[in-house]
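Me: I am new to this structure and would like to go through it step by step. Could you take my questions one at a time and reason each of them through?

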Amino acid sequence: MFRLSAIFTSLLLTLAACTDLPTGTYEGNAQSGAIASFGSGGIRLRHMDALNALRVERGVQPLQLSAALNAAADTHARDMSRQQRAWNFGSDRTSPQERATRAGFNGIVRGENVAETFKSELLVLQTWLDDPASRATILDPEATHLGYGWYQEPNGKIWWVEVLAQAFPEPVLMAELQ
């Protein structure tokens, strides 16, 4: 089963390499240009699509993108750059759960994957899939939402953060029941 995932991810990487990108934009190489000029929506959507394809292949529900978790991931990526260390704690010692709650997410963080210096969102995904703990986070059947963020330093180094969480059901207001 993992072999099929590896083949699928390789196919996605090959297709991504064939995509035409406007001149001067991020081309899967940290030194080739500013990632911000590529457009954050495209990176997040490609990552979520690849992640969901892997999850569905394994019989796990697909994830929904969360604006609050994206904000928490972006903030932590910038903070990791300041710390010059890819790890799961903020410079103020906040946990992934605390950062998600601060950003407005109503639920439980199931896991957070972090990385630095990788060349593209699909390559960092493959690296996380090769690590058993990160792969377990990605394939967690309790996760319902995804946050994905990064920060690129002026020298081209990229800090990546992926947050998977389980949203609490929306509370039912008494007025809605009447």
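Me: Over which residues does pLDDT stay under 50?

Reply: This is a predicted model, and a first reading can begin with the confidence of its parts. Where pLDDT is low, the predicted coordinates should not be read in detail. The model has 46 contacts beyond four places in sequence for the stretch in question, where pLDDT stays under 50, and that stretch is residues 4-33.

Me: In which helix is confidence highest, and in which is it lowest?

Reply: For the protein as a whole the mean pLDDT is 79, with 69% of its residues at 70 or more. Against that background, the highest confidence belongs to helix α6 (residues 132-138), with a mean of 97, while the lowest, with a mean of 44, belongs to helix α1 (residues 2-17).

Me: What is the order of the strands in the open sheet?

Reply: The sheet has 4 strands and its pairing is mixed. On the parallel side of this mixture, β1 pairs with β3 over 2 bridges, whereas β3 and β4 (residues 158-167) run antiparallel and are joined by 8 bridges. Read across the sheet, the order is β1-β3-β4-β2.

Me: Which strands stand at the edges of that sheet?

Reply: The order across the sheet is β1-β3-β4-β2. An edge strand here has a single partner strand, so one side of it is left without a neighbour in the sheet. The strands placed in this way are β1 (64-65) and β2 (107-116).

Me: Which residue in the turn between β3 and β4 has a positive phi?

Reply: The two strands β3 and β4 form a hairpin, with 5 residues between them. Along the paired strands, Gly147 stands opposite Val163 in β4, and Leu146 stands opposite Leu164 in β4. In the turn, the residue with a positive phi, of about 100 degrees, is Gly156.

Me: How many residues of β3 are buried?

Reply: In a regular strand the side chains alternate between the two faces of the sheet. From β3, His145, Gly147, Gly149 and Tyr151 point one way, Leu146, Tyr148, Trp150 and Gln152 point the other way, and all are buried. The strand is therefore largely enclosed by the rest of the structure, and the count of buried residues is 8 of the 8.

Me: With the side chain of which residue does His145 make a polar contact?

Reply: His145 lies in strand β3 (residues 145-152), and it counts as buried because its relative accessibility is 14%, under the cut-off of 20%. Beyond its neighbours within four places in sequence, His145 has contacts that include Leu63, Ser66, Phe105 and Val163. In the pairing of β1 with β3, a residue stands opposite His145, and the polar contact of 3.5 Å between side chains joins His145 to that residue, Gln64.

Me: Is Ala143 buried or exposed?

Reply: Ala143 is found in the loop between α6 and β3. Not counting residues up to four places away in sequence, Ala143 touches Arg55, Gln61, Leu63, Arg110, Leu164 and Ala165, and its C-alpha atom is separated by 8.1 Å from that of Val109, 34 residues apart along the chain. With a relative accessibility of 0%, Ala143 counts as buried.

Me: At about what angle does α5 run to β4?

Reply: Helix α5 (residues 121-130) is largely enclosed by the rest of the structure, because 7 of its 10 residues are buried, among them Leu122, Leu125 and Trp128. Another helix, α3 (residues 67-83), lies across β1, β2, β3 and β4 and runs at about 30 degrees to β3. Helix α5 lies across β2, β3 and β4, and its angle to β4 is about 65 degrees.

Me: Which residues do ring pairs link into a cluster?

Reply: A search of the whole structure finds 4 aromatic pairs. One of them is the edge-to-face pair of Trp128 and Tyr148, with 6.4 Å centre to centre and 90 degrees between the planes, and this pair links distant parts of the chain, with Trp128 in helix α5 and Tyr148 in strand β3, 20 residues apart. Tyr148 also forms a tilted pair with Trp150, at 6.1 Å centre to centre and 55 degrees between the planes. The cluster linked by ring pairs consists of Trp128, Tyr148, Trp150 and Trp160.

Notes:
Residues are numbered from 1 along each chain as its sequence is written. This is a predicted model: local features need pLDDT of at least 70, side-chain atom pairs count only at pLDDT 80 or more; totals for chains, interfaces and linings use all residues. Side-chain values use heavy atoms; hydrogens and water are left out. Buried means under 20% relative accessible area, exposed over 50%, partly exposed in between (1.4 Å probe, protein chains only). A polar contact is a pair of N or O atoms within 3.5 Å; within protein, one must be able to donate a hydrogen and the other to accept it, and residues adjacent in sequence count only if both atoms are side-chain atoms. Contact means heavy atoms within 4.5 Å. Two strands pair if DSSP finds at least two bridges between them. Axes are lines fitted to C-alpha atoms, for helices over the stretch in contact, and angles run from 0 to 180 degrees between N-to-C directions. pLDDT is the predictor's confidence in each residue, from 0 to 100. Rings of Phe, Tyr and Trp (its six-membered ring) pair if their centres lie within 6.5 Å; planes under 30 degrees apart count as stacked, over 60 as edge-to-face and the rest as tilted.
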